[in-house]
Amino acid sequence: MAKLYFKFGAMGCSKTAQALITKFNYEERNMKVLLLKPAIDNRDGAKIVKSRIGLENEAIAVREDENIYETYEKNYSDCNVIIVDECQFFTPEQVDQLADIVIQKNIPVLCFGLSTDFTTHLFPGSKRLFEIAESITEIKSVCTCGAKATVNARLDAKGRIVTEGSQVVLGGNDRYMAMCRRCWLKRKAQESVQ
């Protein structure tokens, strides 16, 4: 029986690398993989999924107003599995559409992404995945203090913690740092005094 999987973690925990390795594993067994990403994620190109360690692959970019179920039925119904990178940027409705593919077509869907934004609030797509995914797995990463990183701290041009702004601001190591909540709160308090 196919399942909807949510594999989440803080920035830098190898989510994208694991998504691409999973894609390779399916393809090595002669299975057809549909690799999806939200169109809003254009950091490495409109249709490129790229990990920090250098793995990359072409993907189908999904617009925010696109019905994933309809796109799947029309163009990709011959695939054996769907892998999604940066799933946090999908709408709750699009997550439901992925879940419908799992249930109605018996196709596994593996979603990789962040759970929370830079203010520690859930992304809408991630919230929906926590609500309905049949399998939820945390991919762990480490703070500079050695504790488990759970916060995706956003940094300004001077490297200070940012606590206000748009929920979605694309960036990598230049703009974000994975931290434990204790270090994040401590640094946030120190920098607000300066």
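**Exercise 1. Find which residue of β7 is the bridge partner of isoleucine 83, then work out how β7 sits between its neighbours.**

Step 1. Start at isoleucine 83 and look across to β7: the bridge partner there is leucine 110. Keep in mind that you're looking at a predicted model.

Step 2. Now zoom out to the strands. β6 covers residues 81-85, and it pairs with β7 in the parallel sense over 4 bridges.

Step 3. How do you get from β6 to β7? Helix α3 (residues 92-105) joins these two strands in a β-α-β unit, and that unit is right-handed.

Step 4. Check β1 (residues 4-8) too. This strand also pairs with β7 in the parallel sense, over 5 bridges. For one contact you can point to, take phenylalanine 6: its bridge partner in β7 is cysteine 111.

**Exercise 2. Decide whether the two faces of β7 are covered or open.**

Step 1. You need one cut-off here: a residue counts as buried when its relative accessible area is under 20%.

Step 2. Sort the residues by side. Val109, Cys111 and Gly113 sit on one side, with Leu110 and Phe112 on the other.

Step 3. Apply the cut-off. Every one of these residues is buried, so both faces are covered.

Step 4. Put it together: 5 of the 5 residues of β7 (residues 109-113) are buried, so the strand is largely enclosed by the rest of the structure.

**Exercise 3. Work out the strand order in the open sheet that contains β9, and name its edge strands.**

Step 1. Line up the 3 strands: the order is β10-β9-β11, and the pairing is antiparallel.

Step 2. Look for strands that pair on one side only. Those are β10 (161-162) and β11 (176-179), so to speak the edges of the sheet.

Step 3. Follow one pairing in detail. β9 (residues 151-155) and β11 are joined over 4 bridges in the antiparallel sense. Within this pairing, alanine 153 stands opposite methionine 177 of β11.

**Exercise 4. Describe the lining of the largest cavity.**

Step 1. Count first: there is 1 cavity of 30 Å³ or more in the structure. The volume of the largest cavity is about 30 Å³.

Step 2. List the lining: Leu34, Leu36, Val62, Glu66, Ile68, Thr71 and Tyr72.

Step 3. Ask which elements give two or more residues to this lining. They are β2 (33-38) and α2 (68-75). The largest share, 3 residues, comes from α2.

Step 4. Sort the lining residues by character, and you get 5 nonpolar, 1 polar and 1 charged.

Technical notes: Residues are numbered from 1 along each chain as its sequence is written. This is a predicted model: local features need pLDDT of at least 70, side-chain atom pairs count only at pLDDT 80 or more; totals for chains, interfaces and linings use all residues. Side-chain values use heavy atoms; hydrogens and water are left out. On a 1 Å grid over the protein atoms alone, a cavity is a set of points where a 1.4 Å probe fits but cannot get out, and a pocket is an open set with protein on both sides within 12 Å along at least five of seven lines; lining residues have an atom within 4 Å of a point. Grid points are joined across faces, edges and corners, and a volume is the space filled by probe spheres set on the points. Ala, Val, Leu, Ile, Met, Phe, Trp, Tyr, Cys and Pro count as nonpolar, Asp, Glu, Lys and Arg as charged, and the others, Gly among them, as polar. Buried means under 20% relative accessible area, exposed over 50%, partly exposed in between (1.4 Å probe, protein chains only). Two strands pair if DSSP finds at least two bridges between them. A crossover is right-handed if, with the strands pointing away from the viewer, the path from the first strand over the helix to the second runs clockwise.
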